[in-house]
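Here's a quick back-and-forth on how a few labels get earned. Have a look at the model, then follow along.

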Amino acid sequence: MATAVPSALKPSRTKPAAQDRPLSPQERYFLQQAEAIHRVYAPVYPDRRIHIILKALDRPQGDPDSIVVQPGTPDLSMIDASYLGTVQFGNDGADDDAAARAGTGTAPDAERDVTIVAGIPRQVRPGDMDSGKTAPDFRHRAVLGSLLWRAPVLFEQGKYHYEMRQKAQCAQKHSFSPIPRATSRPLGRLETKTRDTGKPPAILIGFHWLEMGGAEKLAFDCVKWARAAGFRVLVVAERADIHRHASKLPQDADVEFIRADAYLHPGNWFAFLEQLVLSENIRAIHIHHNVRLYDNLLRLKAAFPDLVMIDSTHIVEYENGGFPRTSGVWTNYIDHHHVISRDLVSFYLDRFGVSEKVLLGRMLDPVDPAAPEPTPAFRLSAGQKSCRIAFVGRMVHQKRAPLVVEIARRLQIWARAQGIGLQVDMVGTGAYLDVVRHMIRKANLSGTITLHPADADVPALLGQADILVLPSSNEGLALVCYEAIANGALPISTDVGGQDELVPESLLVAPPPLACVKDTVALIRRLMTEPAFLADCKTGTAAGYRALRADPTAQEVLTALYSDILRKADAT
């Protein structure tokens, strides 16, 4: 039976207002969630007494769609079997203190009180921290599921043709026309609202979620760079999830993760953002794959024309253009588009006619101008009697991990005949992990392929690898290729996205799965046996790496942008 939490609680109190006994761990968790809900709604209702009715959810993620907000005080119609208790946050004052001491609210006042009914995720259990499912779910498509388990490579081939059909139809199904900018001379004027400039300037950084991934890594880096530039940093996420990597945010009083993802109803996002900009003196918003923020750009720019909008994009998806298309559609409301590849620079120009505000910033560490030019030292030598191959990536449909097992199976046949010891390290987890395990068992490759968890020491593994294989169906410009080259491994990649900006043509393979497997096996055999070809590949890879190192980095571009915004904020 759930334990009710105190019916009245001042945010500054450290123990229940109407109870003398210590709080149980469960009650402390409930109160922490109530504080998180209050943090979301306090800016929206700054002069209201907020009553929060807590209800139990049987899952570790929030459910923002079920949030109910209504004027007035709680009533019995809001109570059901999932009820946990009620917490009240009131304005400072004698009436509130008296109500807190009595454990009751004051008389109902629809203009003074607001009630929020919110589902509280259950506490996270150890198993919840695993990186999700390891087997695909085809629901009512049993034929597809059977094909994947029986013939994974043929399944990937069919999926590739389906993706290419989606790509061909994308422009017909999805808009690539920018939304016009609202008039700068409206009839009459909107109410002018001023920020609380008593607080230092802040930036709002919008994540998709706080998990592992290239876009997420950049978002985490931006939190650090913005803080170093002098901003207070507020973080929100789009997806209501566990956010396994939230602990990687800096432990800094001026960095705050606001749980709007779990507790803000989708229809209330603009009211929340508007009041947050005002109360926190927000001067910029940086979007990293967050649709909630894109959807509110028009009204935010109308309310705050000086609010600087930035976004960062990574990969054009076949089905709908992905976040770069969304970004381009909203380009008239975005001041700066940061991109990680020249392929994306071309995408904005070709699709949306945008170039001047597109900023290329590579996902590399800045180079010391006084340091010598980087010269990667690749380990592989033609004729050596061992070959170590690495694959690093989430085992999801984009990365096509089953193709790595098929490449290993075919290579193993040749390697044994040549007296070469083959070893393959695969890092990652995801919906295709069980399929990969099944393929390894079926091909008797358990002595050849080693599976590593997502938190494995990737630099150490790449530091032992001769070759990195990346058979992806799509990429932006894979960060792991940078890491491989820096650690002495040659990358072999499908020719997708911006991969050709780093990987030389001689090490690019065709994207169709059957061709990808065939070409990758042939390439590795040539690298192992042809000294001149290997030397050319090393030279080409090193040249591409040095060329990218000459481009500005994301840290340099974004830090300069953050600093400029702060200078202008200080001048106003």
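Q: What phi does asparagine 281 take just after helix 7?
A: Asparagine 281 takes a positive phi of about 55 degrees. Note that this is a predicted model, where local features need pLDDT of at least 70, side-chain atom pairs count only at pLDDT 80 or more, and totals for chains, interfaces and linings use all residues. Residues are numbered from 1 along each chain as its sequence is written, and side-chain values use heavy atoms, with hydrogens and water left out.

Q: How do you know that the span of helix 7 agrees with what its 12 residues should give?
A: The expected span is 1.5 Å times one less than the number of residues. For helix 7 (residues 269–280) that should be 16 Å, and the end C-alpha atoms are 16 Å apart, so the two agree.

Q: What makes helix 7 "mostly covered"?
A: Buried means under 20% relative accessible area, exposed over 50%, partly exposed in between (1.4 Å probe, protein chains only). In helix 7, 10 of the 12 residues are buried, among them Trp269, Phe270 and Leu273.

Q: Why are strand 9 and strand 10 called paired?
A: Two strands pair if DSSP finds at least two bridges between them. Strand 9 (residues 308–313) and strand 10 (residues 336–339) have 4 bridges, in the parallel sense, and serine 312 has histidine 338 as its bridge partner. Strand 10 also pairs with strand 11 (residues 358–360), in the parallel sense over 3 bridges.

Note on methods:
Helices (H or I, at least four residues) and strands (E, at least two) are DSSP runs, numbered from the N terminus.
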